[in-house]
Amino acid sequence: MARHLKLLVQRWSSRVFSVEVDAAPRYFGVREQLRGEPVPPDVFSEVQKQDRCYSLLVCSGDRVTGDRFHWELRDRLQTQLPPGSGLRSMSSFIPDQKGSLLKGYFLQSRAGNSSLIEDILTDLEQRNPVLVCSYSQSEDGQQWTQCLWYQSEENPVRFCVVPSETPKHHPSVLNMINSDVFYSLEEACDVLKQCGDIIPETRSVLGMLPSSLDARRKPDFPVIVIEGLDATGKTTLTESLRDSLGATLLRSPPQCLSAWRGRFDREPPLIRRAFYAVGNYITAEQINQEASKSPVIVDRFWHSTAAYAIATAVTGPVSNLPHEGAEVYRWPGDLLQPSLVILLTLDPEERKRRLRSRGLMKTDEEEELDHNKLFRLRVEEAYRRIGGPACTALDASPSADLVLQQALLLIRAKCHL
Ligand SMILES: Nc1ncnc2c1ncn2[C@@H]1O[C@H](COP(=O)(O)OP(=O)(O)OP(=O)(O)O)[C@@H](O)[C@H]1O
Ligand SMILES: Nc1ccn([C@H]2C[C@H](O)[C@@H](COP(=O)(O)O)O2)c(=O)n1
């Protein structure tokens, strides 16, 4: 543990630290010596003089263990910390260095709570792969310093906290590929295989994969994917298309995974996204089989997996998404490409009305779409940016019959049906 931390700390002053305030990241850096006048970074602007702050960064070498620990740590801190600790998400990264992101939390200790909080943090650091730092303010209130907790008692090294420029990319973008979005079956399977001992259901999921997959095989009949946020009318449209075109209707994740979906929805993003990625490959094999006999309609596929993953990994406004044309929006080379992807778009108020009138239980991400406007905007924009094939938008606000007629026009024009 100590060796791993020492390696990490070697490039400490090239790291940027980011704390989420009101769903947007605020940045600061650290320097061994302060040059020029101190300027307190705005993360600390609302902290009272007598308060201390702490950061915890998860630094496990094993990403499955690290991600699960990070996921559970929030609950643990929320139950153990005294009220008013202002728990926030935080991360640290080296700008432009892929894979350098460390995730964690930032908290405040109000006067009188210090010893309780320090006991919790000491215990956490001794038993888990976590690096704790404390932050304190100078007498005149002008300067904050950061102290690495694991060595603070023997030989404290204090870093000066300095403001940092907003980086070109949201920090999560650095670790997105093969952590949030998987670009090959092999990468997604690797994650699930590593979970075999902690999540026994993983073996059953992997057992559903066909022994061989051929993404280059060209289906004889067109394959049409219907995408969109929940309650935009995908089920209604896909069922009508099946009947109108004499098509086979499939969905991703496929029916054979439904028993395990809830289990994986409770896991952190790395494992959850790997599950949905594998689901797409199982659906792809079903498509290959059915598309030799009839057209195939698919309810959600790769666009959903990538768009929700990208939009959840970043926070804040749409401008925090990876830029248009970025590598994350590409189609996986080993996944079957549909002939057409139709994206159903709907005014948020009408979507809410349909959700209310349907009255079914919602997943956490669906709840989030309802409450968090920025999240919804990020999902919609990510859908539009994913290519290979890109989505064709279709206004889903007219009557179900009119939407069906419009979809048929698009399919006939594009797929010559
Ligand atoms: N064009 C339409 N006009 C009015 N209501 C519609 C239309 N299409 C679907 N609905 C109604 O809106 C609700 C949501 O539709 P549907 O279940 O097809 O959406 P969905 O996109 O499949 O949702 P989810 O992804 O959550 O399963 C249903 O009650 C459905 O009857
Ligand atoms: N191919 C898919 C299908 C679904 N998901 C995820 C994205 C959302 O969290 C949720 C929505 O599905 P629904 O509730 O409408 O069945 O499932 C995915 O990642 N990939």
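## Two ligands, two cores and some unpaired cysteines

Let us start at ligand 2, where a nitrogen atom sits 3.3 Å from a backbone N or O atom of Ser252. This is a predicted model, and the distances given here are computed from it.

Around ligand 2 there are 13 residues, and Arg261, Arg300, Thr305, Glu365 and Glu366 are the closest. Besides the Ser252 backbone, side chains take part too. An N or O atom in the side chain of Arg300 lies 2.8 Å from an oxygen atom of ligand 2, and a polar side-chain atom of Thr305 is 2.7 Å from a nitrogen atom of ligand 2. On its own, ligand 2 has 450 Å² of accessible area, and the protein covers 92% of it.

Now for the other ligand. Ligand 1 has 16 residues around it, with Ala231, Lys234, Thr235, Thr236 and Pro398 coming nearest. The table lists some polar contacts made by its oxygen atoms.

| Residue | Part of the residue | Distance to an oxygen atom of ligand 1 |
|---|---|---|
| Gly233 | polar backbone atom | 3.1 Å |
| Lys234 | N or O atom in the side chain | 2.7 Å |
| Thr235 | N or O atom in the side chain | 2.5 Å |

Ligand 1 taken alone exposes 640 Å², of which the protein buries 75%.

What about the inside of the protein? The largest nonpolar core holds 63 residues, and those touching the most other members are Val278, Ile287, Phe301, Trp302 and Val379. Helix 8, which spans residues 269–290, gives the most to this core, with eleven residues. Phe301 is worth a look in the viewer: beyond its neighbours within four places in sequence, its contacts include Asn280, Thr283, Ala284 and Ile287. Phe301 is also in contact with Ser252, the residue whose backbone we met beside ligand 2. Other contacts of Phe301 include Trp331, Leu335, Leu336 and Pro338. Apart from this core lies another, made of 24 residues, among them Val19, Met90, Tyr135 and Trp144.

Finally, the cysteines. How many disulfides does a search of the whole structure find? The count is zero. Why is Cys133 without a bond to Cys147? The sulfur of Cys147 is the closest cysteine sulfur to that of Cys133, but it is 8.0 Å away, so the pair is too far apart for a bond. Cys133 counts as buried because its relative accessibility is 1%. Cys189 is in no disulfide either, and its nearest cysteine sulfur, that of Cys195, is 11 Å away. With 8% relative accessibility, Cys189 counts as buried.

Note on methods. Residues numbered from 1 in each chain as written. Chains lettered and ligands numbered in written order. Predicted model: local features only at pLDDT ≥ 70, side-chain atom pairs only at ≥ 80, totals over all residues. Heavy atoms only, no water. Core = buried A, V, L, I, M, F, W, Y, C linked by side-chain atoms within 4.5 Å. Buried < 20%, exposed > 50% of the residue type's maximum accessible area, 1.4 Å probe, protein only. Helix = DSSP H or I, 4+ residues; strand = E, 2+ residues; numbered from the N terminus. Contact = heavy atoms within 4.5 Å. Near = heavy atom within 4 Å. Polar contact = N/O pair within 3.5 Å; in protein donor to acceptor, adjacent residues only side chain to side chain. Areas by Shrake-Rupley, 256 points an atom, 1.4 Å probe, with all protein chains shown as cover. Disulfide = S-S within 2.5 Å.
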